[in-house]
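Open the structure in your viewer and keep the selection panel handy. We will go stop by stop, with something to select at each one.

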Amino acid sequence: MSISNLLENWSQFRHTHPVEDKPHDPYKWAMSIDLDACSGCNACSVACYAENNLPVVGKEKYANGQVMHWIRIEHYWDEDVGEEGGREFPDQGAQFLPMMCQQCEAAPCETVCPVGATNHTPDGLNSQIYNRCIGSRYCSANCPYKVRYFNWYDYPSTENIWPAEMTQQLNPDVTVRGKGVMEKCTFCVQRLAAAKVTAKSEGRIVQDGEVQTACQQACPTSAISFGNLVDPESRVHKQWRAQQVELDKDKQAKDEKEGGTELRGYRILEDMRPYPSVMYLERVRESAI
Amino acid sequence: MKDIREDIAWAKINQDVLKSLENPRKLYWVILFIALAMLGVAVGCEVYQYEVGMGVANMDNPHMWGLYIATFIFWIGMSHSGTLLSAILHLMHADWRKPIYRFAEAMTTFSLLTAGLFVAVHLGRVWQIYYALPYPNERGTWPNFQSPLLWDAMAIFTYLSSSIIFLYVGMIPDLAICRDRIHEGWRKKLYTLLSLGWEGTDRQWRNFRVTYLTVACFLIPLAVSVHSIVASDFGMSQQPGWHITSFPPYFVAGALYSGCAAIITLFIILRYVFRFEEYMTLPILKKIVRLTFAIAMVWTYLNAVEFASVWYSHDQASKDVLIQKASGTYAPFWWAMIFCGSIVPLVLAFKRFQTNIPVLFAVSLLLNLGMWLERWMIVAPTFSHGIYPWTWDHDQWPSFVQWGMVFGSFGWFTLLFMVFCKVFPSVSMYEVKEMVYHRSQQSKKQEETGKFAAAGKGAH
């Protein structure tokens with residue numbers, strides 16, 4: 001009976017602190033995004049739509065805030081735009097920031113889900129179980145980045161979401177979500193799973209560069225790097241180390257130093273202690289345009 | 001003025017209350033019809049939303065919650081006054097509660113039922129709602145015990161079932177009276193079944209008293225915990241405007257407040273519709289009004305505590321939400337909440353308004369409007385002005401589907417309440433008799449001591 005399951009297994013559920021106690025072995029998927037390289041072209045977003053079967057909701061719902069983009073490009077205009085004597089198009093400056101689920105190690109969304117539909121995987125992903133989700137939307141309410149997207153309508157059965165001939169291009173590895181469930185960036189978990197299976201059958205772990213996320217693959221300026229943070233040879237690991245950003249800190253030691261630091265690495269809303277797995281590299285150039 | 005006349009004959013009490021169970025007046029049918037029509041609006045909205053998806057409610061990212069959750073809190077809050085009147089005041093031996101606690105207790109049960117519906121209509125996949133309950137299943141999966149929403153589900157179910165038991169237990173002697181007095185028909189059978197063979201023996205009364213007291217004691221912590229847990233839904237999250245430790249007492253005070261205001265409203269309606277002037281007297285009304293005034297001031301104080309703690313917290317995000325509430329899109333509603341919740345109740349401080357029925361009716365409705373706005377102002381502004389500036393969006397407005405559901409819920413509540421009042425005695429007959437008896441004993445005693453004192457004086 002499930003009472004014993006409750007006492008034996010579920011009492012261990014999130015008993016350990018995801019950052020301090022759980023060793024990520026052999027994988028901890030992480031990302032770093034170089035904002036200096038990002039030109040705001042939206043290729044990552046488009047690639048994500050194709051890879052993860054995201055519904056194209058149309059202008060009206062987009063304007064209504066019901067868009068389903070798992071990765072969004074945020075643009076921040078330079079301060080003098082629109083002001084007296086400020087610059088106008090095309091000289092105006094803008095900065096871009098690709099924002100997707102930060103796969104937090106102590107994710108605020110995980111603890112509040114009443115049915116346990118969003119959980120932490122051993123390799124450091126914040127997973128979403130569509131079949132278990134009842135659509136209370138508490139996860140999104142508690143997400144500081146607001147990167148969770150809800151199926152407000154039954155998109156697969158809606159006209160023009162995917163025109164008839166295009167249903168053939170849907171990715172067979174990814175579930176098409178029905179109405180009433182929450183979804184979000186998975187770090188292309190289907191690719192990770194496939195790579196892990198291949199590696200396991202060959203008796204090794206996944207090598208750096210063997211698996212790419214769709215957004216990383218599509219980025220023309222290679223602004224996005226993705227890989228295994230535990231692997232000391234991975235590009236992501238090297239970047240994080242070079243920037244002295246540590247996963248399990250809510251305040252980085254380098255920021256404590258007097259006079260600041262030249263290093264560009266930072267994580268968004270780090271001091272709220274969600275321990276995000278995405279590091280951003282600050283922009284050095286004044287603007288992207 | 002006395003709470004109740006001391007010379008009402010017991011037979012007359014039976015007669016008056018049982019009259020409320022007989023053929024209804026025209027006004028009753030009018031109210032029932034309006035309630036049904038309102039419910040129809042909500043059912044229509046829900047069918048539409050169920051078919052098409054939550055999107056028709058005009059929620060979006062970041063406005064994930066809307067009027068459903070706000071109204072859910074409102075109805076949960078409404079339920080608290082019943083317990084306050086019937087359980088807390090019972091333990092405190094405040095016997096003026098006796099003629100009015102039955103309908104307050106019914107209000108508790110029905111507003112909980114209404115609140116439960118709002119959870120259902122809020123869910124994206126309402127057909128899977130049972131996932132949120134810890135039921136045994138073959139897959140061995142349990143809900144997430146860390147989530148305040150799960151505590152909510154469990155607390156509400158516990159509170160609902162206990163308050164139904166409490167309502168029922170307190171009604172048994174009255175059901176026996178109904179059984180003995182009512183003409184043959186389905187209701188006679190119903191009362192026979194429900195009164196559990198009550199004969200009014202000493203032993204039965206003793207057991208009854210113990211049971212009633214036990215359930216009352218059990219219910220009080222539940223009432224406090226239910227709204228504290230609803231407050232935890234917000235307090236346990238880390239959103240600005242929600243992450244406030246004073247939320248549980250604030251919510252409980254708000255709950256008692258709106259509940260007491262609703263009792264005043266229903267008191268006036270019942271008094272008029274069922275001609276209960278003899279039992280729902282003005283001195284009793286005056287006592288509830290004073291109680292409401294006191295709770296209103298507690299609520300105002302806790303509101304001030306919340307604002308002050310946010311203001312001096314140096315948490316910029318929370319402060320921004322507060323500023324946004326007072327000056328942004330929601331400002332008219334926020335100020336209306338302050339006005340209805342903290343300024344309007346000052347009317348109740350004046351003696352001459354404490355028994356003025358038209359004024360009290362208007363005030364009680366305004367208070368509840370204020371309390372509904374309060375819940376909305378807790379839920380909505382945080383979504384529109386969260387931690388992450390990119391997601392700020394101050395212009396999303398709930399669609400007619402949400403408004404329709406909120407509107408219809410009042411119909412649903414009225415429907416349940418009116419049907420209850422026709423089927424079950426909404427004034428507790430045996431306790432009113434008790435009250436009359438105690439009061440008459442008391443005044444006899446006073447008269448005697450008075451005589452004695454007078455005699456004593458004469459001797460000197």
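Start by selecting chain A of this predicted model: nine helices and ten strands make up its secondary structure. Of its 289 residues, 40% count as buried. Take the contacts in chain A between residues at least 6 apart in sequence, and you will find that 63% of them join residues at least 24 apart.

**Stop 1: an open sheet in chain A**

Next, show strands S8, S1, S10 and S9 of chain A, which form an open sheet in the order S8-S1-S10-S9 with mixed pairing. At the edges stand S8 (224-228) and S9 (265-266), each with a single partner strand, so one side of each is left without a neighbour in the sheet. As a reminder for reading the picture, strands of a sheet pair through backbone hydrogen bonds, either parallel or antiparallel.

Walk across the sheet from S8(A). Its pairing with S1(A) is antiparallel and has five bridges. To find the register, select Ala30(A), which has Gly227(A) of S8(A) opposite.

Move on to S1 (residues 29-34) and S10 (residues 278-281) of chain A, a parallel pair joined over four bridges. Two positions help you line them up: Met31(A) has Val278(A) as its bridge partner in S10(A), and Ser32(A) has Met279(A).

The walk ends at S9(A), where the pairing with S10(A) is antiparallel, over two bridges. Here Gly265(A) is opposite Leu281(A) of S10(A).

Now turn on the side chains of S1(A). Which residues point one way from this strand, and which the other way? Trp29(A), Met31(A) and Ile33(A) point to one side, Ala30(A), Ser32(A) and Asp34(A) to the other, and all are buried. That is six of the six residues of S1(A).

Do the equivalent for S10(A), whose two faces are both covered. Val278(A) and Tyr280(A) lie on one side, Met279(A) and Leu281(A) on the other, and all are buried.

**Stop 2: two positive phi values**

Stay in chain A and check some backbone angles, keeping in mind that most residues other than glycine have a negative phi, and most peptide bonds are trans. Select Tyr275(A), in the loop between S9 and S10. Its phi is positive, about 50°, although the residue is not a glycine. Tyr275(A) is buried, with 23 other C-beta atoms within 10 Å.

Then select Ser222(A), in the loop between helix H7 (214-218) and S8 of chain A. Phi of Ser222(A) is also positive, near 50°. Is this residue buried or exposed? Ser222(A) counts as exposed, because it has 10 C-beta neighbours inside 10 Å.

**Stop 3: where the chains meet**

Bring chain B into view and highlight its contacts with chain A: 38 residues of chain B touch 40 residues of chain A. Which helix gives the most to the chain B side? Helix H6 (residues 148-181) of chain B does, with four residues. Coloured by class, the chain B side shows 19 nonpolar, 16 polar and three charged residues.

**Stop 4: the largest nonpolar core**

The largest nonpolar core has 192 residues. Select Ile33(A), Phe72(B), Met107(B), Tyr257(B), Cys260(B), Ile263(B) and Phe267(B), the members that touch the most others. Helix H9 (residues 247-273) of chain B gives the most to this core, with 16 residues.

Zoom in on Phe72(B). Leaving aside neighbours within four places in sequence, Phe72(B) is in contact with Ala115(B), Phe118(B), Val119(B) and His122(B).

**Stop 5: a helix pair and a cis bond**

Show helices H4 (residues 80-91) and H5 (residues 101-122) of chain B, which pack at an angle of about 145° with axes 7 Å apart. Their crossing is left-handed. Ser81(B), Gly82(B), Thr83(B), Leu85(B) and Ser86(B) contribute from H4(B), while Tyr101(B), Ala104(B), Glu105(B), Met107(B) and Thr108(B) contribute from H5(B).

Now find Pro62(B), in the loop between helix H2 (26-52) and helix H3 (67-78) of chain B. The peptide bond joining Asn61(B) to Pro62(B) is cis, with omega about 15°.

**Last stop: along helix H15**

Finish at Glu447(B), in helix H15 (residues 429-459) of chain B. With 10 C-beta neighbours inside 10 Å, Glu447(B) counts as exposed. Draw a distance from its C-alpha atom to that of Tyr430(B), 17 residues apart along the chain: the separation is 26 Å.

Notes: Residues are numbered from 1 along each chain as its sequence is written. Chains are lettered from A and ligands numbered from 1 in the order in which they are written. This is a predicted model: local features need pLDDT of at least 70, side-chain atom pairs count only at pLDDT 80 or more; totals for chains, interfaces and linings use all residues. Two residues are in contact if their C-beta atoms, placed from the backbone, lie within 7 Å. Ala, Val, Leu, Ile, Met, Phe, Trp, Tyr, Cys and Pro count as nonpolar, Asp, Glu, Lys and Arg as charged, and the others, Gly among them, as polar. Two strands pair if DSSP finds at least two bridges between them. A nonpolar core is a set of buried Ala, Val, Leu, Ile, Met, Phe, Trp, Tyr and Cys residues joined through C-beta atoms within 7 Å. A residue is buried if 20 or more other C-beta atoms lie within 10 Å of its own, exposed if 12 or fewer, and partly exposed in between; C-beta atoms are placed from the backbone. Axes are lines fitted to C-alpha atoms, for helices over the stretch in contact, and angles run from 0 to 180 degrees between N-to-C directions. A crossing is left-handed if the near helix is turned anticlockwise from the far one by less than a right angle, and right-handed if clockwise.
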